Amino acid sequence: MYEPIRTKSVHRMADDDQDAYPHRSREEELDIQLAGHLAALLAVTDELGDTEAGDLIARQVARLRGAPPARHAGLSGSNTPSLHQRAHALAGRALVVAASRADTAAAILAAERMDAHTAALTSPELVSAP
């Protein structure tokens with residue numbers, strides 16, 4: 001009744017493409033994401049002029065990426081409170097990713113940076129500044 005199929009099917013199984021492009025594991029993706037958040041935090045930290053904290057963050061980025069990070073060269077022109085708020089948010093993101101990948105060193109560093117920026121935001125000098 002039916003004529004047999006004589007040509008190859010144009011449809012492929014989903015498994016056929018597995019080796020067509022490289023795949024990253026969940027851990028590799030989390031490493032990339034964590035390194036990105038820490039690199040952004042490093043840029044804001046460098047803009048705030050905190051070289052000691054910047055060096056600690058740079059070490060973690062280098063550990064995750066396998067190469068030292070580029071240090072922040074330009075200034076955004078933002079005021080100090082907004083820089084501290086941005087740094088606090090970035091440290092929070094880094095903390096979430098570090099916790100999900102069970103990276104204790106990065107999680108401790110991110111939590112310490114969050115505390116430092118919270119303290120800077122509530123300090124009397126910063127609050128009374130125009």
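In this predicted model, the axes of helices α1 and α2 come within 9 Å and cross at roughly 155°. An angle over 145 degrees counts as roughly antiparallel, and α1 and α2 are therefore roughly antiparallel to each other. The crossing in which α1 passes α2 is left-handed. On the α1 side, the residues that meet α2 are Asp31, Leu34, Ala35, Gly36, Leu38, Ala39, Leu41, Leu42, Thr45 and Asp46. Their partners in α2 are Ala53, Gly54, Ile57, Ala58, Gln60, Val61, Leu64 and Arg65. Sorted by class, this contact consists of 11 nonpolar, 4 polar and 3 charged residues.

Helix α2, residues 51–65, also packs against helix α4, residues 104–122; here the axes come within 11 Å and cross at roughly 150°. Helices α2 and α4 are therefore roughly antiparallel to each other as well. The contact draws on Ala53, Leu56, Ile57, Gln60 and Arg63 from α2, and on Ala105, Ala106, Leu109 and Arg113 from α4. These residues divide into 6 nonpolar, 1 polar and 2 charged. The crossing of α2 past α4 is left-handed. Ala53, Ile57 and Gln60 are among the α2 residues listed for the contact with α4, and Ala53, Ile57 and Gln60 also appear among those that meet α1.

These helices belong to a chain with 5 helices and 0 strands. Read from the N terminus, the order of elements is α-α-α-α-α. The chain has 130 residues, of which 30% count as buried. Among contacts with a separation of 6 or more, 67% join residues 24 or more positions apart.

The next topic is the nonpolar core. The largest such core has 23 residues, and the members that touch the most other members are Leu34, Leu38, Leu41 and Ile57. Elements giving two or more residues to this core are α1, α2, α3 (80–100) and α4. Leu38 can be followed outward: leaving aside residues up to four places away in sequence, Leu38 touches Ile57, Gln60, Val61, Leu64 and Ala94. Of these, Ile57, Gln60, Val61 and Leu64 are also listed on the α2 side of the contact with α1.

Two histidines come next. His37 is placed in helix α1, which spans residues 26–48. Its relative accessible area is 18%, so His37 is buried, the cut-off being under 20%. Setting aside residues up to four places away in sequence, His37 touches Leu90, Arg93, Ala94 and Val97. Ala94 is thus a partner of His37, and Ala94 is also touched by Leu38.

The other histidine, His84, is found in helix α3. With a relative accessible area of 12%, His84 is buried. His84 lies 29 residues from Arg113 in sequence, and the C-alpha to C-alpha distance between His84 and Arg113 is 9.9 Å. Arg113 is one of the α4 residues in the contact with α2.

The last stop is the loop between α3 and α4, where Ala102 is found. Although Ala102 is not a glycine, its phi is positive, at about 60°. Is Ala102 buried or exposed? Its relative accessible area is 65%, which means that Ala102 is exposed, since exposed residues are those over 50%.

Notes
Residues are numbered from 1 along each chain as its sequence is written. This is a predicted model: local features need pLDDT of at least 70, side-chain atom pairs count only at pLDDT 80 or more; totals for chains, interfaces and linings use all residues. Side-chain values use heavy atoms; hydrogens and water are left out. Axes are lines fitted to C-alpha atoms, for helices over the stretch in contact, and angles run from 0 to 180 degrees between N-to-C directions. Helices (H or I, at least four residues) and strands (E, at least two) are DSSP runs, numbered from the N terminus. Angles under 35 degrees count as roughly parallel, over 145 as roughly antiparallel, 65 to 115 as roughly perpendicular and the rest as oblique. A crossing is left-handed if the near helix is turned anticlockwise from the far one by less than a right angle, and right-handed if clockwise. Contact means heavy atoms within 4.5 Å. Ala, Val, Leu, Ile, Met, Phe, Trp, Tyr, Cys and Pro count as nonpolar, Asp, Glu, Lys and Arg as charged, and the others, Gly among them, as polar. Buried means under 20% relative accessible area, exposed over 50%, partly exposed in between (1.4 Å probe, protein chains only). A nonpolar core is a set of buried Ala, Val, Leu, Ile, Met, Phe, Trp, Tyr and Cys residues joined through side-chain atoms within 4.5 Å.
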